[in-house]
Amino acid sequence: VVIRLCDDIIHVFKGMLEIIEAFKSELGVGLGEDTPDGVFSLRRVPHIGMSDQAPAALINDIVVTNLTPEKVPVIVDRLRANQGAAALVKSYGDGNNAHPLVRAMVNNNIRARGEVLLSEFSGGSALAKAMAKSPRQIIAILNDAQLRGRGGAGFPAGMKWEFTRRAQADRRYVICNGDEGEPGSFKDRVLLTEYPQLMFEGMTIAGYAVGATKGILYLRHEYAYLLRYLQSILDERRRCGLLGVGLRGPKGFTFDIRIQLGAGAYICGEETSLIASCEGKRGDPKTRPPFPTKVGYRNKPTIVNNVETMCCAAKIVLNGPDWFKARGTPDSTGTKLLSVSGDCDAPGVYELPFGVPLGTVLERARARNPYIVQVGGPSGTMVPRNDFHRRIGFEDLPTGGAVTVFNRRRDPLEIVGAYLAFFIEESCGYCTPCRVGNVLLRDRIELIAGGKGEMADLEYLEDLGRMVKFASRCGLGQTSPNPVLTSLSSFRNVYEQRCSPAHPAGRRRSFNLSENLTEAEAVSGRESEDLTQ
């Protein structure tokens, strides 16, 4: 029985540290250890997509939400009685969480439904519209709608599809990125649960538009509880002629989809790492160019779009580009799914038009005395209270979807330190700026948080952060310093209050010679001489 306890900053603020101690006490082991009888493994995991119902854990592949220390002895007793992790689920969540192939205690927590994504959809309706048009017309429709990728980067979807279609190759592929590993994000979980037909339809339309015959849904391991259900949807689409060899459409067009289960690596959310994982390789990012649209899965042209983007594409084909552009702003058309969690009374998923003020989002989520809002997850922007007028959109506050609320009791430096620890753990370790730079950033943040910082440390953090962003190989390192840089911009006074002026002799006030020689003394087997005496 593998017990994985989520310890991202949201779960920590919701009491996860006390729950971890309760499990350690009940099992008699520490984190990362197994019980002597080999029955239990206790592990930590940085994000399982359940920030709206924290504290949560994965016990084997069963999601257990809303944990408390008092529930821990009962959970362990049931597992020791060999009842199985499924026996821990006493009631099912809403919607398809209660489906016989899911049976999860997860709640969708849909708080605001829009007309684009969280609305009724009949399987096959968008595909029928697509089959009446040429591949070029489909791509033109997406370009006219100005659909931009919903994963955060915002690259025009139609342009990506066109690059893939034009690439010279004997075959092409479509990959849907269902690996939402950004702490604080869980909106794709809801689409996978309630609107898989819409997502698969978007993938099939993409296959038709670019000339692909195979598609892959890359499903993050933390959502493995949805795997059988999603497989059943694919089977249903094949029976209905919406997928496979018998697909209804132009003569000779066939398209099928398989599901690839990830293994819990955040780096595999990066498209080239995801492709490597799909190929059975280690999930390492590749140097670009060439881009996947030219050299992707099995060295063939490949589209990689996330779940929300595929769903948007299907709805645009169904209802037209003007219908889509009637929502949002000129530079950010349509709606955006937001995963709102943290210090608010209505956490959950909100479908709102692009351009909505952040303050409006906080009001709808009933945020409690908001002081900090992290927009876009750890790699996003730390927004202070006096900037809550800013708007969600590519031209102002871009986000893959995560909006995390923190009240005045939360320490900005603790949040930054937690996000840096996440990036350190999830880095593939390939390039030095990311592998080493993030550790140096975290160490200096911890020094300042402990009251041992100096004013010169702020310039050091800014210079190092910019270097890591500029020199790192992939998106992880290129965005990992954002918590430091955006918090320095928004909460500089918090840093300055914990820093002292430089020592007049040029020495560092916080440096302790004896403490820093401890490791060297242990290695050499002798004590150092104090040359200052």
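Is methionine 159 buried, exposed or partly exposed? Select methionine 159 and look. This is a predicted model. At 36% relative accessibility, methionine 159 counts as partly exposed, because that class lies between under 20% for buried and over 50% for exposed.

**Stop 1: the patch around Met159**

Show the helix next. Methionine 159 is found in α6. Now add Phe155 and Phe163 to the selection. With Met159 they form a nonpolar patch on the surface. Together the three residues have about 270 Å² of accessible area.

**Stop 2: the largest pocket**

Select Gly151, Gly152, Ala153, Gly269 and Glu270. Of the residues lining the largest pocket, these lie nearest its centre. The full lining has 47 residues, and the space comes to about 1,400 Å³. Colour the elements that give two or more residues to this lining: α6 (157–166), α7 (187–194), β10 (302–306), α17 (475–479) and α18 (482–490). Then colour by class. Expect eleven nonpolar, 26 polar and ten charged residues in the lining of the largest pocket.

**Stop 3: the second largest pocket**

Move to Glu414, Gly417, Ala418, Tyr419 and Ala421. They are the closest to the centre of the second largest pocket, among the 18 residues that line it. Its volume is about 350 Å³. Which element gives the most to this lining? Select α14: it supplies eight residues. Two other elements to highlight, α1 (9–13) and α15 (432–449), each give two or more. By class, the lining of the second largest pocket has eleven nonpolar residues, one polar and six charged.

**Stop 4: the cavities**

Turn to the enclosed spaces. How many cavities of 30 Å³ or more does a search of the whole structure find? There are three.

Start with the largest cavity, at about 80 Å³. Select its lining: Val45, Pro46, His47, Asp179, Gly181, Arg220, Glu222, Gly264, Ala265, Tyr266, Phe422 and Glu426. Five of these residues are nonpolar, three polar and four charged.

Next comes the second largest cavity, with about 70 Å³ of space. Its lining includes the cysteines Cys428, Cys431, Cys434 and Cys474. Add Ile267, Pro285, Ser427, Gly429, Tyr430, Arg473, Leu476 and Gly477 to complete the selection. Here the lining of the second largest cavity divides into eight nonpolar, three polar and one charged.

Note on methods. Residues numbered from 1 in each chain as written. Predicted model: local features only at pLDDT ≥ 70, side-chain atom pairs only at ≥ 80, totals over all residues. Heavy atoms only, no water. 1 Å grid on protein atoms, 1.4 Å probe; cavity = no way out; pocket = protein on both sides within 12 Å on 5 of 7 lines; lining within 4 Å. Points joined across faces, edges and corners; volume = space filled by probe spheres on them. Helix = DSSP H or I, 4+ residues; strand = E, 2+ residues; numbered from the N terminus. Nonpolar A, V, L, I, M, F, W, Y, C, P; charged D, E, K, R; others polar. Patch = residues over 30% accessible without salt bridge, like charges linked within 9 Å, V, L, I, M, F, W, Y side chains within 5 Å. Areas by Shrake-Rupley, 256 points an atom, 1.4 Å probe, with all protein chains shown as cover. Salt bridge = Lys/Arg side-chain N within 4 Å of Asp/Glu carboxyl O. Buried < 20%, exposed > 50% of the residue type's maximum accessible area, 1.4 Å probe, protein only.
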